[in-house]
Amino acid sequence: MNIGGTLIAGPAAQPLTGSLTVPGDKSMSHRAVMLASLARGETCIRGFLPGEDCLATAQMFVDMGVTIDWLNADKTALRVHGCGLHGLRAPAAVLDAGNSGTCVRLMTGVLAGQSFAATMTGDASLRKRPMRRVVDPVRRMGATVSGRDDGNLLPITIQGGQLKAIDFASPVASAQVKSCVLLAGLYADGTTTVREPRPTRDHTERMLPLFGQPVVVAEDGCIALTPTGELTAPAGDVVIPADPSSAAFFAIAASILPGSSLCLPAIGINPRRDGWRRILMAMGADLLVQQGQAIGEEPVADVTVRHRRLHGVHVSSDDVPDAIDEFPILFVAAALADGEFVLRGAEELRVKESDRIATMAEALRALGVCLQERPDGVVIQGQRRLRGHAVVDAHGDHRIAMAMAVAAQMADGEVEIRNAAAINTSFPGFVELAQACGMNVRWAEQGS
Ligand code: S3P
């Protein structure tokens, strides 16, 4: 786990202003490097997120023989020399997914189709997270998987094989599970279908056709992939829009800090990622969305956020998948809104990089927030200011660390956020960008 790294945050000395370009989308960066590696030909990817999670995925392919040229020093542009669906080589060592659930779960689908065995592990957080959700379907397709707790816990070893297509009804609303099955489906004869209890982010379905593999989504949401053979590198570059999950921290910071006005250009507004924006609008936020030209298959917009007092809302299970990664920062908005915020049907938050209901409850309580934890959510009573001069623990979870850095802006004294180094998994440069728009936050190691 990414233990260590202390942030010193808040209170804000000024409103947030200016224009902030957040880094590339994490989910799309993983998928782009995966599909490019499995394609025939060279793919240039631009706007890649050089966070530790996506770099772990790229490294896995390098470990299996793929050549990747980094085209700039900050690793946002790369050329992938794809080796074709069957061109990966057995890795010489254990593959390390680090902190990344997306990496390990999607790679389970890729490894299921290989003719060799490979072992994947991850950091202390990832080794506690459930893998059965992806192991079950790839076993049904014909792969052999072993590991602790019958393959539920990393490290797991996957012996691929000749796969058969399945009709898979996923018990959890999870894009990682859906994508795992579709990636394994590339190696199966016939049509693989996936049904989800609720629609989840659809970047895999949008990106596969760019690599020559059509995906059919039926009226009832059933997703079908009939592989046509090899993936082919797209003629043009694959360009990745700015990550809406990263933008959400700044959008909510500007909403809660009096006097703020912040522009977030060209952020992804895919409806399956846009739940945080809809919830924030329902809370009364002042958001101006100016839709721009789509980037590849993904819609984008410039979003301008101005401060406005928010009010609590009720969020139900139907609204959870589209905002699944944004609840830590939405809880901060709720803590500073008028009235009560209620979230239900979000038990998945308990198996993220940390138990995000418990870690956020603990951190917000340390700042004086009154809330009740529920097994599947939380009830938060909003207030005007938060208590400062406090120490909170991000538990090595990047989104808890960033959410609490935003919360601290509205505290009446400094907040020390411990175990925050994991910010680099999804948002390298967060602290510098936050400082640039006026937030009061620094690494303790930077000094005062
Ligand atoms: C992701 C899907 C989500 C999300 C994660 C990224 C993806 O997980 O929480 O950060 O890229 O597919 P689940 O699909 O398991 O909910």
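Start with helix α1, which gives the most to the shell around the ligand, with three residues. Everything on this tour belongs to a predicted model, so each distance and angle below is computed from predicted coordinates.

**Stop 1: the ligand and its shell**

Select the ligand, and then display the residues that surround it, which are K26, S27, R31, T102, S174, A175, Q176, R201, I324, D325 and K352. Helices α1 and α6 (175-185) each supply at least two residues of this shell. If you zoom in on the side chains, you will find that a polar side-chain atom of S27 lies 2.7 Å from an oxygen atom of the ligand, while an N or O atom in the side chain of R31 is 2.6 Å from a ligand oxygen atom. For K352, a polar side-chain atom again lies 2.7 Å from an oxygen atom of the ligand. Taken alone, the ligand exposes 380 Å², and the protein buries 96% of that. If you turn on a surface view, look for the largest pocket, which is the space that the ligand takes up.

**Stop 2: along helix α1**

Now select residues 26-38, the 13 residues of helix α1, whose end C-alpha atoms are 19 Å apart, in agreement with the 18 Å they should span at 1.5 Å a residue. How many of the residues of α1 are buried? The count is 13 of the 13, so the helix is largely enclosed by the rest of the structure. Before leaving, add D25 to the selection, since D25 caps the N-terminal end of α1 with a side-chain oxygen that lies 3.0 Å from the backbone nitrogen of S27.

**Stop 3: helix α3**

Next select residues 101-112, which form helix α3, a helix of 12 residues that reaches 17 Å from its first C-alpha to its last, close to the 16 Å expected at 1.5 Å a residue. In α3, 12 of the 12 residues are buried, so this helix too is largely enclosed by the rest of the structure. Among the buried residues of α3 are G101, T102, C103 and V104, and T102 also appears in the list of residues that surround the ligand.

**Stop 4: K178 in helix α6**

Move to K178, whose place is in helix α6. Is K178 buried or exposed? With a relative accessible area of 1%, K178 is buried, and its side chain makes a polar contact with the side chain of E205, at 2.8 Å.

**Stop 5: helix α8 and strand β18**

Select residues 244-256 to see helix α8, where 13 residues should span 18 Å at 1.5 Å a residue and where the end C-alpha atoms are indeed 18 Å apart. Of the 13 residues of α8, 13 are buried, so the helix is largely enclosed by the rest of the structure. At its N-terminal end, D243 acts as a cap, with a side-chain oxygen 2.8 Å from the backbone nitrogen of S245. From here, turn to I267, which lies in strand β18 (residues 261-268) and counts as buried at 1% relative accessibility. The C-alpha atoms of I267 and S246 are separated by 9.3 Å, and the two residues are 21 apart along the chain.

**Stop 6: unusual backbone geometry**

Most residues other than glycine have a negative phi, and most peptide bonds are trans. With that in mind, select G10 and P11, where the peptide bond is cis with omega near -15°; P11 is found in the loop between β1 (7-9) and β2 (17-19). Another cis peptide bond joins L154 and P155, with omega about -5°, and the place of P155 is in strand β9 (residues 153-159).

For positive phi values, go to K75, where phi is near 60°. K75 is in the loop between β4 (67-70) and β5 (77-83), and this residue is partly exposed, with a relative accessible area of 32%. Then select D149 in helix α5 (residues 148-151), where phi is near 50° and the relative accessible area of 43% makes the residue partly exposed.

**Stop 7: C437**

Finish at C437, in the loop between α14 (430-436) and β27 (441-443). C437 is buried, with a relative accessible area of 3%. To relate this last stop to the helix where the tour began, draw a distance from C437 to M28: the two are 409 residues apart in sequence and 26 Å apart in space, C-alpha to C-alpha.

Note on methods: Residues numbered from 1 in each chain as written. Predicted model: local features only at pLDDT ≥ 70, side-chain atom pairs only at ≥ 80, totals over all residues. Heavy atoms only, no water. Helix = DSSP H or I, 4+ residues; strand = E, 2+ residues; numbered from the N terminus. Expected span 1.5 Å × (residues − 1). Buried < 20%, exposed > 50% of the residue type's maximum accessible area, 1.4 Å probe, protein only. Polar contact = N/O pair within 3.5 Å; in protein donor to acceptor, adjacent residues only side chain to side chain. Near = heavy atom within 4 Å. Areas by Shrake-Rupley, 256 points an atom, 1.4 Å probe, with all protein chains shown as cover. 1 Å grid on protein atoms, 1.4 Å probe; cavity = no way out; pocket = protein on both sides within 12 Å on 5 of 7 lines; lining within 4 Å. Sits in = over half its atoms within 2 Å of the grid points.
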